[in-house]
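Colleague: I would like to go through the ligand site and the enclosed space in this model. Shall we take them one at a time?

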Amino acid sequence: MRIWTGTALTLALIVLGALLAGTLFSATVAAIALLAGLLGLVGYHAACLQRLANWSEGDDEQALPPVRGVWGPVFQRLARRARAADEERLRLADVLDRFRDASHAMPDGIIYLSERDTIEWLNQRAEEHFGLDHLHDVGVALAGLVRSPDLARHLETGESGEPLVIPSPRRPALKLQIELIPFGNGQKMLISRDISQLEKLETMRRDFIANVSHELRTPLTVVSGFVETVMDGLDDLEREDVRRFLQMALEQSTRMQRLIEDLLALSALETGAPAPTEERVDVHALVRKVAEEATLLSAGRHSVELDLDARDEGDLILGSEKELHSAFANLASNAVRYTPSGGRIRIVWKRSASGAEFAVEDNGIGIDPAHIGRLTERFFRVDRGRSRETGGTGLGLAIVKHIASRHQAVLSIESEPGRGSRFSIVFPGSRLRRSRTPPRS
Ligand code: ADP
């Protein structure tokens with residue numbers, strides 16, 4: 001409407017100007033004035049149209065130049081719309097960038113597949129899982145790139161929601177769970193999840209149950225065997241024999257009890273929060289107590305030595321006294337149990353630059369380096385028979401490792417077969433304090 005009004009006004013002004021020229025000069029001048037005015041008007045419109053054409057052909061960053069006259073408001077409105085469109089485009093690009101970053105950061109692989117099962121987009125994790133490369137593989141059929149008949153079959157029929165488990169074509173040790181989610185117009189989203197760790201945990205859980213059952217079944221069989229024997233021969237057996245059988249049954253039930261206690265201790269440690277920091281454990285007193293217990297257990301078969309520095313008297317560990325006692329005592333009792341008679345055991349507490357360590361050294365049977373990495377696994381024993389004979393449950397070092405990590409400490413093991421072992425728990429400085437009034441020994 002404003003354009004019509006503006007154009008009518010301009011024409012009126014031109015006509016008026018021509019009339020005025022006619023009145024003042026001559027009809028020829030009036031005609032020239034009218035022509036010049038009309039040409040000027042056409043020129044103005046042509047120039048504005050040319051600017052508009054230039055702008056529409058230019059790059060998106062270029063702003064629409066302002067003009068005067070009837071085209072002014074049109075240019076302004078167009079410029080405003082272009083700015084709004086630019087802002088919206090930037091916002092969408094930002095959303096898209098963030099979506100892409102989030103997809104790349106996802107622990108799962110994602111592949112968008114077209115209705116013909118060609119790759120439309122994939123994240124980095126999917127590239128790793130399937131050995132793909134987005135630079136070359138976008139637009140190519142997935143089944144042709146990943147040589148897995150199971151996957152090809154699943155792509156054909158697998159929209160039922162039932163996930164497929166296949167080894168990663170790139171790293172066969174990796175187990176992938178594949179899920180297909182249909183969307184849009186025949187497109188699919190493929191999600192690949194690394195379930196190797198889950199499978200490992202599941203195997204560990206199964207092994208653990210099998211181990212516990214086995215560990216309990218053996219003594220239980222022995223106990224019921226003895227009880228049966230005693231019952232069958234109640235009238236014929238000598239009193240001394242009955243006593244001997246019952247004694248053996250008692251030993252086996254004590255073993256089961258120890259096993260259950262260790263299992264309960266382990267499960268409490270595994271599920272519990274870090275050890276408390278408000279309990280202040282007097283280290284020298286604890287180490288002396290552990291050495292006394294080891295001496296009692298050894299019953300004179302070994303020399304048990306203490307290596308404490310008098311300057312560290314009053315050292316404190318922030319943690320659980322009960323747990324620390326259990327860990328220290330476990331290491332000391334292992335040294336006694338795996339060191340032949342006449343051997344030497346040294347129990348050490350030593351400050352270091354970054355903290356302090358508790359260590360138990362022995363010159364016992366030692367451990368083959370091949371086994372050292374597995375010693376803290378539940379129920380792992382180098383020599384099952386020897387462990388059993390000495391009352392072992394195979395859980396001691398697993399307990400020690402858990403207790404250490406609950407105190408942010410690290411269990412380290414050095415050993416040489418036939419020469420002996422050194423088990424140490426290294427505590428960080430943050431767990432150590434010094435008592436202001438050191439207790440006198
Ligand atoms: P166990 O109850 O069998 O002693 P542990 O978890 O305490 O269970 O120890 C696991 C295994 O580590 C033992 O069976 C033994 O083979 C080995 N071991 C532990 N301590 C020592 C040591 N001081 N010397 C030699 N071998 C050891």
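Modeller: α11 (321–337), α14 (396–406) and β12 (420–428) each give at least two residues to the shell around the ligand. Helices (H or I, at least four residues) and strands (E, at least two) are DSSP runs, numbered from the N terminus. This is a predicted model, in which local features need pLDDT of at least 70 and side-chain atom pairs pLDDT 80 or more, while totals for chains, interfaces and linings use all residues. Residues are numbered from 1 along each chain as its sequence is written, and side-chain values use heavy atoms, without hydrogens and water.

Colleague: Which element gives the most to the shell around the ligand?

Modeller: A residue is near the ligand if one of its heavy atoms lies within 4 Å of it. There are 21 residues around the ligand. With three residues, the element that gives the most to this shell is α11.

Colleague: How far is an oxygen atom of the ligand from a polar backbone atom of T393?

Modeller: A polar contact is a pair of N or O atoms within 3.5 Å. For the side chain of R337, the distance from an N or O atom to a ligand oxygen is 2.9 Å. For the polar backbone atom of T393, it is 2.8 Å.

Colleague: Which element supplies the largest share of the lining of the largest cavity?

Modeller: On a 1 Å grid over the protein atoms alone, a cavity is a set of points where a 1.4 Å probe fits but cannot get out, and lining residues have an atom within 4 Å of a point. The lining includes E215, R255 and T393. Its largest share, three residues, comes from α9.

Methods: A polar contact is a pair of N or O atoms within 3.5 Å; within protein, one must be able to donate a hydrogen and the other to accept it, and residues adjacent in sequence count only if both atoms are side-chain atoms. On a 1 Å grid over the protein atoms alone, a cavity is a set of points where a 1.4 Å probe fits but cannot get out, and a pocket is an open set with protein on both sides within 12 Å along at least five of seven lines; lining residues have an atom within 4 Å of a point.
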